[in-house]
Every structure is written in structure tokens, then in C-alpha cells.
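Trainee: I'd like to learn how to read a model like this one, feature by feature. Please start with the vocabulary.

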Amino acid sequence: MGGFLIALPGNEQSPGKVTAIATHPGGATRLHDIKCATFAFTVPAYIETIIGLIPKPSLISETLTRNDGFFVDALVSAVKSYTKNTLGVETRQFVPKRAEETSIIVPVYGTLRCIKEQLVAAASEPEIQSGQARLHYIIDDPRLRQEMEGLYDYVQALQLPASFHVLSANLGFAGACNQGAALAKGKNLIFLNSDCIPTDKGWIDAMISPLAKEIIGAVGARLLFPDGSIQHDGMEFTYDRSLRLWLNDHPGKGLDPFERPVLEEVESATAACVALRAATFKAVGGFDEGFVIGDFEDSSLCLALRDMKKKIVIQRKATLVHLERQSLVLSGTPTARQAIVYYNAWRHQAKHSNIFSKKKAGN
């Protein structure tokens, strides 16, 4: 599959067709007219268009590798670079800052649902009460600015050490988390989805304690669905032969919780709730912002940590309920979201080809 994009400056309308002309020493020859396909440009819409042109799923990996994938990668990078260069941040602080040892970074997009429940659960944590841990809400959606006002009154009433950072533009999951890490002051970082609700006291200490060992790169939590079944208990990678892509898999998903070691090494962990030392997060380069919307950034981070000879563990003393993808359902059509999964999976596989080539060989 081949093709090209034309960027039209200003507000010019897209032409209905363009003419292909071949130049040669004797002059030029008109070849044929090409009908133009136009769409309202967003990165997700573009990826949906590209994936939609591939005739069957088994050709997705090959087509992206040979043609469009690296162009999309460059396009995503350019769009995100422009957004970050023009970014503004409005910050509201609650409860004066103390010695912030642990920063809890919560990216928010599309909805404030669940945040009040999350705040109530946080209020009972000793580290929050003492100010050793501080909540950093990264509002990655300027449309929520007005709605935030009601939430501020709630935080003030609870007297929680919290900061709300409202971004002027959407950076996506990875960009919002990286922005939060840059604003936070703690030596330890916990990245937490806005739809994750702790079930028991002591989860902050449980997440941070394993980081005392230098060999531990990241600590994940056990996440449950609202019905009590497992949503996440560590991730592993499985090869989909029909797509020719390595995908993230959640062993035990949908099953009742079963006996496992309290602390166990795993291949990867979800960033819905994951803890790292701030120095380690900086050394690994943070979350890769080249992934679109919010998918594969966490496993990519874990694989990068493994390249640094760090271990990824699940801490089952930290159990949270995860309502899962409350904001992603707001991100485009189902077809677009599926196309983005394919693109992100291809990019993830290409980036970590050294690891996946060994796995495919059975090593």
C-alpha cells in the first residue's frame, strides 16, 4: 500500500482530485487524476483511516513496518511536540506542602466520575494524613475546568494534601503522567488511574516498601472488578498469530482471586496503579509518549526497566477496585479504538523487538 499526504496551509479547502505528473528530460507527462480522500484530522482519525485501508488483519504488522507505521510515528511525535511547546498549566494547591516523600499522580480525562470516592479512600491513609504523600491530579482535559470548581470545595472540606494541575491541552495518558512526574516533589511516585479505588488501608505503604530494594524497578497492585473478580494481577505477553503481533494479556482476568505469593515477580504491570522511585522513572525516560491515547505505555515502561536489569513485581497487599477504561470509552468510535490498539501493539513490538524475537524463538 502506498500513498502520500498533502498539508494545505491556512484554511484552503481540500481539492477533489490531484493530477499525477511524471517529469523526464523531454518534458512532462500527465499520468492520471487521483481522487482525494479527506477527513477531519486528528491522530486517532488518521490511524483509523490507515488501518482501514489494510485489506486483512494478518497484513497489519507487515504493512505498518514497510510503509505507514513509521510515518504515523513521526506524525504523532510532531503533534505532541507542538502541543507540549504551547502548553499552559494552572495549579490549585490544598493544604500547605510538607515534606512530600510520595507523590500520587492521577491523570484525569473526560470525566470526574469516581474521584470523590477516591478522595474519601485517600483521606484515611496515614501517609496522606501526615502529608508525607500528596495527591497530584493532572487534568488532561481543559473542558473539565468549570466542573472542577465543585470538586475543590470537596477537597477543602476533607483537608487533603492535594494539587490540581489543569492542562491547557490534552497530552494523552503518557504525557499527562510525565507532566505530573515533573511537577511532583516526592522521591517515590505512584501512578494511579482516576477510576481506581483502594479497598483497604495501608495500600500506599505496601506499594512503596518494595522499592527499598534497588533491584525492584516497579511495583504493581492487584486490581479487581467491582464484582470482586480479578482485573489485573500482573501482565504477560502473548503472540496473536492472526495479527502477527504480541499483545498484552492479563492472566486470571475474570476469575475469583486465588492464592499467590504476596510479592511476586511478573513480566509487566499495568500503570493503572504502579509505583517507582522518581530517580528510576527519570532514568528510564518516563512513559513513552509515542503511543496513542493510553495503551502499551505501561508494558513498554516495564520492558525498558527490564533492559536496565530491574524487576517488576506485583504487591498483593495493595488491592484496589478498577472500573477500567472509564475515560477511554469517550475516545472515538469502537473502530478507531481498535485501530489504535493495532497501531500501538505494532509500535510496542517494533520498539522492543530484541525481547520479542527471543520470546518467539522460545528463549
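Mentor: Helices are DSSP runs of H or I with at least four residues, strands are DSSP runs of E with at least two, and both are numbered from the N terminus. With that in hand, you can place Asp141 in the loop between strand E5 (133–139) and helix H5 (145–158). One caution before we go on: this is a predicted model, where local features need pLDDT of at least 70 and side-chain atom pairs count only at pLDDT 80 or more, while totals for chains, interfaces and linings use all residues. Residues are numbered from 1 along each chain as its sequence is written, and side-chain values use heavy atoms, with hydrogens and water left out.

Trainee: How many helices and strands does the protein have?

Mentor: There are 11 helices and 15 strands. The radius of gyration, taken over C-alpha atoms, is 23 Å, close to the 21 Å from the globule rule (2.2 Å times the number of residues to the power 0.38) for 363 residues, so the protein is as compact as a globular protein of that length. The C-alpha trace spans about 80 × 50 × 35 Å along its principal axes.

Trainee: Back to Asp141: is it buried or exposed?

Mentor: Buried means under 20% relative accessible area, exposed means over 50%, and partly exposed is in between, with a 1.4 Å probe and protein chains only. Asp141 has 3% relative accessibility, so it counts as buried. Across the 363 residues of the protein, 50% are buried by that cut-off.

Trainee: And which residues does Asp141 contact?

Mentor: A contact is a pair of residues with heavy atoms within 4.5 Å. Setting aside neighbours within four places in sequence, Asp141 contacts Val108, Tyr109 and Gly110. Zooming out, 79% of the protein's contacts with a separation of 6 or more are between residues 24 or more positions apart.

Trainee: What about a residue inside strand E5?

Mentor: Try Ile138, which is in E5. Its relative accessible area is 0%, so Ile138 is buried. Beyond four places in sequence, Ile138 touches Ile105, Val106, Pro107, Val108, His165, Leu167, Ala176 and Gly180. Ile138 and Ser194 are 56 residues apart along the chain, with 9.9 Å between their C-alpha atoms.

Trainee: How do I read the two sides of a strand?

Mentor: In a regular strand, side chains alternate between the two faces of the sheet. Take strand E7 (residues 188–192), where five of its five residues are buried. Asn188, Ile190 and Leu192 are on one side, Leu189 and Phe191 are on the other, and both faces are covered.

Trainee: Which strands does E7 pair with, and in which sense?

Mentor: Two strands pair if DSSP finds at least two bridges between them. E7 pairs with strand E4 (residues 102–108) in the parallel sense over four bridges, and Ile104 stands opposite Ile190 there. E7 and strand E14 (residues 273–277) run antiparallel, joined by five bridges, with Leu189 partnered by Leu276.

Trainee: Where would I look for a gap in the packing?

Mentor: Rolling a probe the size of a water molecule over the atoms shows where empty space is left. A cavity is a set of points on a 1 Å grid over the protein atoms alone where a 1.4 Å probe fits but cannot get out, and lining residues have an atom within 4 Å of a point. Points are joined across faces, edges and corners, and the volume is the space filled by probe spheres set on them. Here you get one cavity of 30 Å³ or more, with a volume of about 30 Å³. Its lining is Ile104, Gln118, Ala122, Leu135, Leu192, Pro198 and Trp203.

Trainee: What about odd backbone angles?

Mentor: Look for positive phi in residues other than glycine. Gln159, in the loop between H5 and strand E6 (162–167), has phi near 55°. With a relative accessible area of 48%, Gln159 is partly exposed. Lys309, in the loop between H9 and strand E15 (311–322), has phi near 70°, and at 65% relative accessibility Lys309 is exposed.

Trainee: One last loop residue, please.

Mentor: Glu289 lies between helix H8 (278–284) and helix H9 (297–307). Glu289 is buried at 17% relative accessible area, and its contacts beyond four places in sequence include Lys80 and Lys84.

Note on methods:
1 Å grid on protein atoms, 1.4 Å probe; cavity = no way out; pocket = protein on both sides within 12 Å on 5 of 7 lines; lining within 4 Å.
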